[in-house]
Amino acid sequence: RPLGFTIDDRKLKRAGLDYWHQLDITYYDGLEDFYAKNPGAEVYYFSTKAPHLYTEIEYPNPVYIMFGKETKGLPEDLLYKNHDTTVRIPMIDDARSLNLSNSVAIGVYEVLRQEDFKDLCEVGTPTKFSWD
């Protein structure tokens, strides 16, 4: 918090479709609250100002990945203090940044890929034919 948007049942149901029951959502009253409630947490910070590519990192398990607002990103002093765990997604020079939801998806799927997609379905099931 602050979130910068309103959360209510109608908006959550529309945005999350059928997946909200699978989430474990925790709200924090700022960075200090997050760190106080997660002592020793390993955090990787995604930023357009980062020195390392997100694919160069071997993410620990468990890991937190943190993103800032689309308009401002994460505070620069936070990035400076966490130089070794600040990563970027490559993009063209003329673009300010990727959409936040796309950036989060990229980061999450890299962590999942490194865990060999543990507990995820890797093969789809067609309705009109069989893969066999």
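**Entry 1: Tyr28 and the burial cut-off**

I take buried to mean under 20% relative accessible area, and I keep in mind throughout that the model is a predicted one. I looked up Tyr28 against that cut-off and read 19% relative accessibility, so Tyr28 counts as buried. I found Tyr28 in the loop between helix H1 (9-16) and helix H2 (31-37).

I then asked which residues Tyr28 is in contact with, once its neighbours within four places in sequence are left aside. My list for Tyr28 reads Arg1, Asp33, Phe34, Lys37 and Asn38. I noted Arg1 separately, since I wanted its spacing: Tyr28 and Arg1 stand 27 residues apart in sequence, while their C-alpha atoms are 5.8 Å apart in space.

**Entry 2: Asn38**

I followed the contact from Tyr28 to Asn38 and found that the two side chains make a polar contact at 3.1 Å. I placed Asn38 in the loop between H2 and strand E1 (43-46), and I recorded that Asn38 counts as buried because its relative accessibility is 13%. Not counting residues up to four places away in sequence, Asn38 touches Tyr28 and Tyr64.

**Entry 3: aromatic rings**

I counted aromatic pairs and the total came to 7. One of them is Tyr28 with Phe34, an edge-to-face pair with 5.2 Å from centre to centre and 85 degrees between the planes. I checked burial for both partners, and Phe34 is buried, as is Tyr28. Tracing the ring pairs onward, I obtained a cluster that links Tyr28, Phe34, Tyr35 and Tyr64.

**Entry 4: Tyr27 and the surface**

I next turned to Tyr27, which is also found in the loop between H1 and H2. Is Tyr27 buried or partly exposed? I read a relative accessible area of 32% for Tyr27, and therefore entered it as partly exposed. I also noted that Tyr27 joins Leu23 and Ile25 in making a nonpolar surface patch of about 260 Å².

**Entry 5: salt bridges**

I searched the whole structure for salt bridges and found 4. Among them is the one in which the side chains of Lys49 and Glu76 meet, at 3.6 Å from N to O. That pair links distant parts of the chain, since Lys49 is in the loop between E1 and strand E2 (52-53) and Glu76 is in helix H3 (residues 76-81), 27 residues apart. I recorded Lys49 as partly exposed because its relative accessibility is 46%, and Glu76 as exposed because its value is 52%.

I then looked at Glu110 and Arg113, which form a salt bridge whose closest N and O atoms are 2.7 Å apart. Both residues lie in helix H4 (residues 100-114), 3 residues apart, or about one turn of the helix. Glu110 has 6% relative accessibility and so counts as buried, whereas Arg113, at 44%, counts as partly exposed.

I also entered the salt bridge of Lys118 with Asp119, where the closest N and O atoms are 3.4 Å apart. Lys118 counts as exposed at 58% relative accessibility, and Asp119 counts as exposed at 70%.

**Entry 6: the whole protein**

I closed with the overall figures, starting from a secondary structure of 4 helices and 4 strands, whose order from the N terminus is α-α-β-β-β-α-β-α. Of the 132 residues, 20% are buried. Among contacts with a separation of 6 or more, 61% come from residues 24 or more positions apart. The protein exposes about 10500 Å², and carbon and sulfur atoms supply 53% of that area.

Technical notes:
Residues are numbered from 1 along each chain as its sequence is written. This is a predicted model: local features need pLDDT of at least 70, side-chain atom pairs count only at pLDDT 80 or more; totals for chains, interfaces and linings use all residues. Side-chain values use heavy atoms; hydrogens and water are left out. Helices (H or I, at least four residues) and strands (E, at least two) are DSSP runs, numbered from the N terminus. Buried means under 20% relative accessible area, exposed over 50%, partly exposed in between (1.4 Å probe, protein chains only). Contact means heavy atoms within 4.5 Å. A polar contact is a pair of N or O atoms within 3.5 Å; within protein, one must be able to donate a hydrogen and the other to accept it, and residues adjacent in sequence count only if both atoms are side-chain atoms. Patches are made of residues with over 30% relative accessible area and no salt bridge: like charges are joined within 9 Å, nonpolar side chains (Val, Leu, Ile, Met, Phe, Trp, Tyr) within 5 Å. Accessible areas come from the Shrake-Rupley method with a 1.4 Å probe; for residues, only the protein chains shown count as cover. Rings of Phe, Tyr and Trp (its six-membered ring) pair if their centres lie within 6.5 Å; planes under 30 degrees apart count as stacked, over 60 as edge-to-face and the rest as tilted.
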